[in-house]
Structure formats: C-alpha cells, structure tokens
Amino acid sequence: MNSPAPVPTDHASEIGYYQKRKGVFPRKIDGRFRRFKWLMMALCLLVYYATPWLRWDRGPYAPNQAVLVDLAHRRFFMFAIEIWPQEFYFVAGLLIMAGIGLFLVTSAVGRAWCGYACPQTVWTDLYQHVDRFIDGDRNAQIRLQAAPWTPAKIARRLLKWSIYLTIAFWTGGAWILYFADAPTLTHDFWTGQAAAVAYATVFVLTMTTFVLGGFMREQVCIYMCPWPRIQTAMLDEKSLLVTYKDWRGEPRGSVKAHKADDAKLGAEKLGDCIDCLQCVAVCPTGIDIREGPQIGCITCGLCIDACDRAMVQTGRPRGLIDYATLDDAVREKRGEAPTPILRTLLRPRMLVYLGVWSALGLAMLFMLGARTRIDVSVAKDRNPQFVTLSNGSVRNGYTIKLRNMEDRPRRMTLALDGLPGGALYDDEMDAAAATRVLELAVPADATRTVRVYAVADRAHAVPQHFGMVLRALDSEGGGARRDTSFTTSQGDAP
Amino acid sequence: MMTDPHTGANSRKRIDEPTGTETMGHEWDGIEELNTPLPRWWLWTFYACIAFAIGYVIVYPAFPMLHSGSKGLWGWSSRGALAADIQAEDARRGPQMAALAAVPIEQLPNDPKLLRAAIDGGRAAFKVNCVQCHGAGAAGGKGYPNLNDDDWLWGGDAKAIEYTLTHGVRQDADKQTRTSQMPAFGRDGILNAAQVQDVVSHVRVISGQDKPGASAARGTALFAANCAVCHGAGGEGSRSVGAPRLTDAIWLYGGDRATLTETVTNARYGQMPNWGARLSPVTIKMLATYVHSLGGGEDAPAASAPTAPATAPAGTAK
C-alpha cells in the first residue's frame with residue numbers, strides 16, 4: 001500500500017456503533033476536470049430532459065415519439081427501431097453492451113462512471129451548486145450549518161429545499177414522458193387527466209431525488225451502491241486512478257515550514273505537499289485523497305484541479321495529485337519515466353473488452369437488419385385433437401397467430417403445403433367455402449389471432465405432417481412457414 | 001481467552017495498527033473484531049421499519065386469537081377483497097349482460113363484439129357445467145354427443161341449441177323438454193334375435209360400413225316397418241324426435257355390430273338436465289353461442305329446411 005502510515009484517529013473515542021454523517025461542503029473550483037464535469041453534466045441532463053420531446057415520423061399507425069417505452073401496448077420504440085416483447089433480447093443485448101462498456105471504461109480510467117456520468121453524481125453536483133447559489137461557498141455553508149435556527153436561517157433553508165423539490169419534481173416529471181406521448185401526457189398531467197400511476201411515479205421519483213440528491217449524496221455511493229465494490233474488483237495495476245504521489249509530496253508541511261526548510265540547506269527536505277487541504281475542501285464526497293485509493297473516491301478529478309492550482313501558485317510543477325496507474329507509481333518512485341498513456345490504454349485487456357463490445361454491437365446491428373417483420377405461429381388444438389364429420393371427413397383445429405410488425409396494415413395469404421385433399425377455413429367463414437389458400441388482413445403493428453380449421457376428405461384423412469405458409473401480398477413480400485400435423489381417429493402423425 | 005463484551009470490553013479497545021481502525025474489544029484466539037460503524041441514518045431506517053411494522057399489525061389482520069385472528073382497524077380480509085373484485089367485475093360486465101339479455105340469440109352475429117363476449121362467457125360457463133359429460137374439449141364420449149362436429153340430434157342452429165339447453169333432454173320435470181323414446185325392440189319381443197341382426201346388417205349397409213347381403217336385404221323390410229317412422233325411410237334421421245341419422249360417419253354409442261345390436265335390443269335413453277332450471281337465461285344464451293361456435297354450428301334458415309322434410313316422412317309413415 002502506498003498510503004502514508006495511518007494517523008491514529010483522534011476521534012477514536014467518539015466512534016460508537018453508529019456514525020453520524022459528517023457534512024460535506026465542497027469548495028467551488030475551476031480547472032480542466034471541473035470543466036469536463038460541467039460538460040458531462042450538461043450533456044447528461046440535456047439527454048435526460050430532451051429525449052422524450054424528440055419526434056420521429058413512423059406514419060399514421062405508430063406513435064411519432066422518437067424514444068418511447070409503450071408498456072400499455074408492449075412496444076419499445078427507439079428512432080428507426082421498433083422492438084416487440086419477444087425481441088426483448090435486443091434490450092438485453094444493449095444492457096450487456098452497457099455492462100461490458102463499463103468494464104472497459106473502469107479498467108481503463110477507473111471509476112469514470114461514478115465521477116462524471118452516474119445520475120447520483122450528476123444530481124448531487126447540481127444540488128451542490130444550488131447550495132453554493134443560496135448559501136455561498138464552503139465557508140459560508142459551514143457557518144450557516146453551525147448557526148442557530150434563526151428565522152433568517154429557516155427562510156434560507158426553506159428557499160433552498162423548495163429549489164431542491166422543484167428540481168426533484170422536474171426529474172420525476174421527465175421520467176414519465178418516456179412511457180407515453182410527451183406532449184399529450186404533459187397536458188393531461190397538468191389538467192389532472194393523467195393516469196394515477198403517472199402521478200404516483202412522479203411523486204416517488206420526486207421524493208427519491210429530493211432525499212438522495214439533496215441529503216444522502218455521498219452516503220449513497222459509500223453505503224448503498226454496489227458499484228464501488230464491483231469496480232474495485234475490475235481495477236488492476238494498469239488502471240488509471242486518481243493518485244496522490246506520496247513519494248513526491250511527503251513529508252508534507254505548510255508553506256511556512258517549507259520556507260524554514262529551504263533555509264537550512266542539506267537538512268532533510270520536505271515533500272511538495274504544502275498541506276493546504278484544498279484537495280479535501282473541493283472533494284464532493286469529503287475524503288482525503290492523500291490516504292490512498294479508497295471506496296469514497298469517485299474519481300471526479302476535482303482534487304487534481306485544486307492541487308494543480310496550489311502547485312502553480314507556489315511555483316511547483318503540477319500533478320502532485322494526478323491520474324496514474326499503480327505500476328507507474330512504482331516506476332515513478334524509482335525515478336523511471338511513466339508508461340505512455342496510449343500504451344496503458346491499448347493493453348490487451350482493453351482490446352479484448354473493446355473487441356467483445358464491438359462484436360456484440362455488430363451482431364445486434366446485423367440481427368436488426370436481418371430480422372423478419374412478418375411471422376406466423378401455429379398451435380394445434382389438443383382437445384379435441386380431431387373431429388370426425390358426418391360425411392366421414394376429418395377436421396383439425398388450429399390457433400394461428402399472424403404477426404405484422406410493419407407500421408401499416410397488410411394483406412396476407414395462408415396456404416396449405418401438403419395435406420392432399422385438404423382445405424382451410426377460418427371461424428368467420430362458411431365451411432363450404434373452405435379453400436387451400438386463405439386471404440387475411442392483418443392490422444398495422446399487430447398480431448391477429450385466427451381460428452383455422454383444416455378439413456381433409458374421407459379418402460385423404462390420414463395422420464400426416466404438413467405446412468402452413470404465410471405470404472405477404474404487397475410488393476415488399478416476405479413470409480414464413482410453420483410445420484404442423486394432422487390427426488385422425490387413426491392417431492397422430494408418425 | 002474471551003472478553004465479556006458487556007463489562008470488560010471498553011478496557012481492551014485499541015487502535016488496530018494496519019488499518020487504523022478502532023477494535024471492538026472482543027478477542028477470540030487472537031482474532032479481533034474491528035469497529036466499522038454503521039451510518040446513523042441506517043439505524044433510523046431500521047426504526048422506521050419497526051414503526052411501519054407496528055402500524056401494519058394494527059391496521060391489518062395479524063394476531064391469531066382463540067377463535068379467529070385480529071381484524072385490524074381497516075377491516076381488510078382477502079375474502080372481502082375477492083368479494084369486492086367480483087362485485088366490481090359484475091358491475092363492469094353489467095351493461096354487456098343487459099345487452100346480451102336483450103338481443104335474441106339468432107341476431108347475435110350482427111354484433112360481432114357481443115358475439116365474441118358471449119362465446120367467451122359461454123366457454124367459462126361450459127367449463128363449470130358441461131365438461132363433466134361433454135369433456136373439456138366438448139368432444140363428448142360414448143353416449144355424450146361431440147359438440148364440435150356437424151351432426152345434431154335436436155338441431156344445430158343457435159336457437160335450437162338454446163332450446164335444448166333450456167329444457168334439457170328427456171326431463172320429466174320440464175313440460176317442453178326434448179323427448180322421445182326408442183322401443184327396446186329385442187327386449188320387448190318386437191323383433192327376435194335374428195331379426196335384430198338383420199336390422200343391424202341393414203343399418204351397417206346404409207352407413208357404408210358393410211356390403212349388401214342376404215341379412216341386410218331381410219333387414220330392409222324390417223327397417224321400413226319398424227324404424228323408418230322415426231329414422232326416415234333412408235335412415236336420414238329426424239331432429240323433431242331426436243332420431244339420429246344412421247347414414248353418416250358419426251355414432252353416439254358406436255357403429256360396430258355389437259354396439260348396434262345392444263342399441264336395437266335395449267334402446268337408448270340419453271338425458272341432459274334442463275339447464276333453464278339452474279342457470280340464468282343469459283348464461284344459457286352464452287353457452288348456446290359457445291357450442292354453436294365450436295365448428296359445427298348451423299345457420300338458422302338452413303336449420304329449418306332439413307327439419308321440415310325430416311318430420312314429413314315420419315308423419316306420413318304413421
């Protein structure tokens with residue numbers, strides 16, 4: 001372990017079986033990681049709030065919302081892709097890709113997800129800006145926290161919490177728009193006509209956002225979230241981590257101590273760390289990165305920004321706290337140059353993850369392109385398996401499901417393949433009109449269930465296998481075939 | 001050596017060197033426990049759960065008592081919830097049931113939605129009332145007609161099926177019941193054993209199972225004298241008296257010689273309850289619609305045509 005020797009905690013006596021949350025009041029900071037965090041936050045919030053309002057023309061028979069999880073009709077729309085429940089493996093594939101993507105990112109640059117893109121991080125960050133906007137920066141916040149509950153403090157707290165609630169409400173409100181037509185639902189929501197489940201969902205998400213983003217914050221990351229534990233297992237000695245370079249910084253000492261140190265030449269030199277505690281002050285989870293890698297570090301890089309600033313101000317080279325791998329820590333300690341960052345990123349493990357990830361993506365794209373939008377399923381009646389008719393012919397019943405996954409009505413034919421002397425009719429036709437080729441209309445984006453009877457005359461009524469062939473009648477064509485069997489009093493097909 | 005966690009614990013607390021964490025003061029064979037405190041809010045959620053549990057057992061049934069459980073303040077019970085569900089479902093179906101009651105069964109096909117509802121309702125009622133004899137797939141069995149086929153003893157249009165269901169078959173309690181009685185030709189001595197065999201031979205010839213022979217030729221005259229009055233001169237049957245058609249491929253009891261001999265000798269007397277006495281008219285309408293939909297249902301006008309000529313020869317034969 002490269003962490004400095006543990007300081008015997010002076011609060012040992014105050015630790016009981018339960019620990020009170022220590023307030024975290026991160027100081028405002030600017031720098032490249034902060035700017036990247038701003039960018040990611042803006043991007044994430046924009047995607048989250050704007051996506052339901054994007055439109056996508058699918059013609060008159062399907063909704064025109066670009067991204068829509070239509071639970072009521074069991075359809076999932078995502079731009080040009082429409083997924084039916086039986087194609088849910090596409091969604092599963094997306095989730096697996098997301099998982100492997102996380103492996104890739106984590107083993108390359110550590111907990112980047114936690115630091116920049118996780119909703120808990122984004123909303124906590126947003127709420128911490130609200131804190132600064134209402135209460136002022138770190139020191140003002142600490143003062144106000146310690147102040148007695150005067151009317152002025154109560155007013156300020158109520159104002160802040162009402163802003164919390166407003167943000168939380170917007171968050172919950174945006175969520176439901178993914179599950180119904182956004183403009184219609186917004187109108188219905190405000191006129192009191194939306195479904196009860198919409199209001200309940202908004203309420204629950206408002207409250208969870210309010211509590212988790214406004215008050216629980218880093219407690220979620222440290223105590224509730226399994227991801228920090230899982231990620232720890234994914235990191236290796238070549239993963240980039242936010243690292244305090246203790247071999248350069250220690251022993252630490254204040255600027256004053258450094259000046260005294262510089263005066264006596266030849267004495268044991270102090271390290272570069274001036275112990276300004278800026279890295280602790282800006283940390284959104286309130287940890288001290290100088291204690292080494294720890295579960296509370298979400299690798300947002302804000303301490304790098306803070307430390308770089310302090311180093312520049314005191315005329316030292318930047319990067320006392322920086323992204324570094326454990327391997328490089330060992331090399332730098334020995335005075336060797338660190339591995340070039342590209343070599344770290346393009347190591348075999350990364351390439352394998354990237355390969356698996358891309359292969360999955362390509363396979364899914366191929367399947368999306370090759371999947372059929374027309375299908376038929378045939379379920380033969382099992383009770384009764386056959387019916388002998390008075391003229392000696394034999395009838396078998398089938399439940400046919402015709403699947404039209406195009407967003408327009410289609411006419412199709414269902415034809416017998418095999419079953420000589422046989423004919424088909426459905427339960428809306430007269431048996432006398434039985435034919436070898438049924439013509440059926442299937443509504444847009446729907447499955448039509450039809451009861452179909454196959455009748456074979458007395459001379460041909462023997463147990464046998466045969467096929468039912470579906471064909472689309474429009475220019476696009478396409479079709480499907482299913483094998484089934486014919487049963488008579490002589491038994492099942494061999 | 002074990003330390004009493006209640007008394008001697010505090011004196012043995014110390015900071016663990018490698019982790020910098022306080023120990024609990026427990027030690028078992030040199031293994032010590034570190035104090036990693038729970039966050040306090042965790043404790044509050046635990047208390048909140050306890051409070052919820054207390055509230056739950058007060059408002060919901062919880063404690064077993066001598067004769068029954070505690071009722072709970074809200075008076076909820078699964079039985080009551082079921083009753084409420086059934087009531088809600090009845091209320092939901094109310095208008096549909098009223099519409100079904102108002103529309104005569106032969107006009108149901110004009111309203112496909114109502115027809116579909118009637119078939120679905122009939123399917124459910126069939127599973128409760130009819131499957132015991134007619135089977136889950138309505139395929140019947142020996143003595144119990146297969147309702148999927150196109151052969152009907154008393155008429156296969158929806159109205160005839162509804163009538164048969166309402167009044168039953170051979171139910172003395174119902175004045176309008178479908179009834180008839182085939183004589184026990186053998187048992188009552190109307191035909192002797194040889195004559196019975198001749199009649200059976202004739203029936204097997206007209207049903208296409210045997211080739212004509214001497215016995216069948218003798219049977220032809222016997223059939224004309226004894227059977228044609230109900231079954232028709234050619235064995236085409238008569239729905240007005242529930243006399244089966246003898247020329248087709250469907251046999252209620254069996255078309256082999258032994259079974260036919262048994263039938264002609266002792267006759268049959270199949271019965272069905274008059275469901276009008278047990279089920280509501282709407283339920284019977286739904287049942288009839290369902291049975292009619294099973295694949296053999298006949299159209300109303302077509303049904304009246306064969307019935308009329310079938311009764312005519314029976315009448316003239318008398």
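Two residues are in contact if their C-beta atoms, placed from the backbone, lie within 7 Å. Keep that rule at hand for the exercises below.

The model is predicted, so local features need pLDDT of at least 70 and side-chain atom pairs count only at pLDDT 80 or more, while totals for chains, interfaces and linings use all residues. Residues are numbered from 1 along each chain as its sequence is written, and chains are lettered from A and ligands numbered from 1 in the order in which they are written.

**Exercise 1. Describe the interface from the side of chain B.**

Step one is the count: 25 residues of chain A are in contact with 24 residues of chain B.

Step two sorts the chain B side by class: ten residues are nonpolar, seven polar and seven charged. Here Ala, Val, Leu, Ile, Met, Phe, Trp, Tyr, Cys and Pro are nonpolar, Asp, Glu, Lys and Arg are charged, and the others, Gly among them, are polar.

Step three looks for elements, where helices (H or I, at least four residues) and strands (E, at least two) are DSSP runs numbered from the N terminus. Both β3 (38-39) and α2 (40-59) of chain B supply at least two residues to this side, and α2(B) gives the most, with three.

**Exercise 2. Find how β3(B) pairs with chain A.**

Strands pair if DSSP finds at least two bridges between them. Strand β1 (residues 18-19) of chain A pairs with β3(B) in the parallel sense, over two bridges. Look for Gln19(A), which stands opposite Pro39(B).

**Exercise 3. Assess the overall form of chain A.**

Begin with the radius of gyration, taken over C-alpha atoms; the globule rule is 2.2 Å times the number of residues to the power 0.38. For 494 residues a compact globule would have a value near 23 Å, but chain A has 33 Å. Next, along the principal axes, its C-alpha atoms fill a box of roughly 120 × 60 × 45 Å.

**Exercise 4. Locate the largest nonpolar core of chain A.**

Such a core is a set of buried Ala, Val, Leu, Ile, Met, Phe, Trp, Tyr and Cys residues joined through C-beta atoms within 7 Å. A residue is buried if 20 or more other C-beta atoms lie within 10 Å of its own.

The largest core has 29 residues, and Leu302(A) and Cys303(A) are among those touching the most other members. Its contributing elements include α13 (278-282) and α14 (302-313), with α14(A) giving the most, six residues.

Finally, leaving aside neighbours within four places in sequence, the contacts of Leu302(A) include Ile29(A), Phe33(A) and Val282(A).

How values were computed
Buried ≥ 20, exposed ≤ 12 C-beta atoms within 10 Å, placed from the backbone.
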